[in-house]
Structures are given as structure tokens and as C-alpha cells.
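Hello,

Here is the structure I said I would pass on. Please open it first; my notes follow below.

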Amino acid sequence: MSGAGERMTGSCLCGAVRFTAAPKTREVAACHCSMCRRWTTGPFLGLECGSTLEIADSSQLGVYRSSAWAERAFCKQCGTPLFYRLVDKNFYFVSAEAFDDHAGFVFVTQTFIEEKPGYYEFANKTHNMTGAEVFAAFAPSSPGQAEP
Ligand SMILES: [Zn+2]
Ligand SMILES: [Zn+2]
């Protein structure tokens with residue numbers, strides 16, 4: 001019903017944080033890094049939204065600076081993880097499950113595949129990238145030791 005680049009609505013579990021964003025594509029990526037897994041209870045599935053994210057009322061938006069180059073935002077009321085942001089690039093990776101509508105979503109990429117625990121595995125055929133490959137592709141200013 002809607003194509004890439006269109007603005008979509010979403011919210012946290014309790015509805016205190018509502019947003020709109022225009023994902024570049026409907027391609028979903030999963031991150032298996034240890035920080036995403038601890039944060040979300042599993043792989044973090046999201047969509048690249050560039051800098052299109054607009055929060056309706058950010059008074060209930062909590063922000064955790066998880067590394068030198070990134071922060072993670074959540075609802076202060078219900079705790080729903082909402083997005084990961086590269087602060088220098090204003091790049092937003094928004095939770096696929098926070099969007100109200102999943103029409104056209106396609107699961108295409110898995111990142112930090114080497115950190116995925118052995119107890120689960122997606123059956124989807126995806127492009128799998130290691131953390132090093134992700135850093136090479138997105139080139140944060142200080143690649144290496146830390147996780148995203
Ligand atoms: Zn909430
Ligand atoms: Zn991650």
C-alpha cells in the first residue's frame with residue numbers, strides 16, 4: 001500500500017512516545033551485537049531512516065549514550081527500545097516493531113553475525129555481515145574495539 005520513502009507512523013508500547021519516519025527502503029536489518037541483545041532481549045530489528053525521524057513529544061523519550069558515537073532511545077514510561085542513532089551522522093536506525101504497519105517489510109541483512117549466540121538462528125536467507133564489515137561500511141571515526 002505504500003512505497004519506500006513514505007512517512008510512516010509508530011509508537012512505543014504505552015503510546016507516550018509517538019513518531020513518524022520515512023525509511024529509505026522497507027529492508028529490515030537485525031543486529032546481533034551484545035549491546036543490542038542486552039538492550040532489547042534479542043537481536044534488534046530496524047530500518048534505516050536517515051535523519052527523517054520526528055518525535056511528536058520527546059518529553060518521555062529517554063536517551064542512553066551507549067558509545068562514543070552512538071546513543072539508544074527508549075520510552076521512559078514503558079521501556080520500549082525505539083531507535084539507535086549515530087550521533088555524528090544523525091543516522092537513525094528505528095525499531096521495525098515500533099512502526100504501526102509492517103507492509104512491505106523484507107528481512108535482508110544480519111549484522112554482528114559473529115556475536116550471535118548459538119541458541120537461536122533465523123531461517124531467512126539474508127546478507128550476513130560481521131562487526132568489522134559493518135564498521136568498514138559505515139566507517140565511524142574510531143573503528144575497532146568498542147561495539148556499536
Ligand atoms: Zn511507552
Ligand atoms: Zn547491535
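Four donors count as tetrahedral if all angles lie between 85 and 135 degrees. Keep that cut-off in mind for the metal site, and note that this is a predicted model.

The zinc ion (ligand 1) has four protein donors, Cys 12 (SG), Cys 14 (SG), Cys 75 (SG) and Cys 78 (SG), lying 2.3 Å from it. The angles among these donor atoms are 105 to 112 degrees, and the site is tetrahedral. For reference, the ideal angle for four tetrahedral donors is 109.5 degrees. Along the chain, the donors of the zinc ion follow the spacing C-x1-C-x60-C-x2-C. Cys 14 sits in the loop between strand E1 (8–11) and strand E2 (18–21), while Cys 75 belongs to strand E7 (residues 70–75), so this pair ties together parts that are 61 residues apart in sequence.

Are these two cysteines buried or exposed? Cys 14 is partly exposed, at 43% relative accessible area. Cys 75 is buried, at 1%.

Now the sheet. Eight strands make up an open sheet with mixed pairing, in the order E6-E7-E8-E9-E4-E3-E10-E11. Its edge strands, E6 (61–65) and E11 (127–129), each pair on one side only. From one strand to the next, the twist averages 30 degrees.

Within the sheet, strands E8 (residues 81–86) and E9 (residues 91–95) run antiparallel and are joined by four bridges. Arg 85 has Tyr 92 in E9 as its bridge partner. Helix H2 (residues 131–138) packs on the sheet and touches E4 (44–48), E9, E10 (106–111) and E11. The direction of H2 makes about 95 degrees with that of E11.

Regards

Notes
Residues numbered from 1 in each chain as written. Chains lettered and ligands numbered in written order. Predicted model: local features only at pLDDT ≥ 70, side-chain atom pairs only at ≥ 80, totals over all residues. Heavy atoms only, no water. Donors = N, O, S within 2.8 Å, 3.2 Å for Na, K, Ca; no water. Tetrahedral: all angles 85-135°; square planar, octahedral: opposite > 155°, others 65-115°. Helix = DSSP H or I, 4+ residues; strand = E, 2+ residues; numbered from the N terminus. Buried < 20%, exposed > 50% of the residue type's maximum accessible area, 1.4 Å probe, protein only. Pairing = 2+ DSSP bridges. Axes fitted to C-alpha atoms, helices over the stretch in contact; angles between N-to-C directions. Contact = heavy atoms within 4.5 Å.
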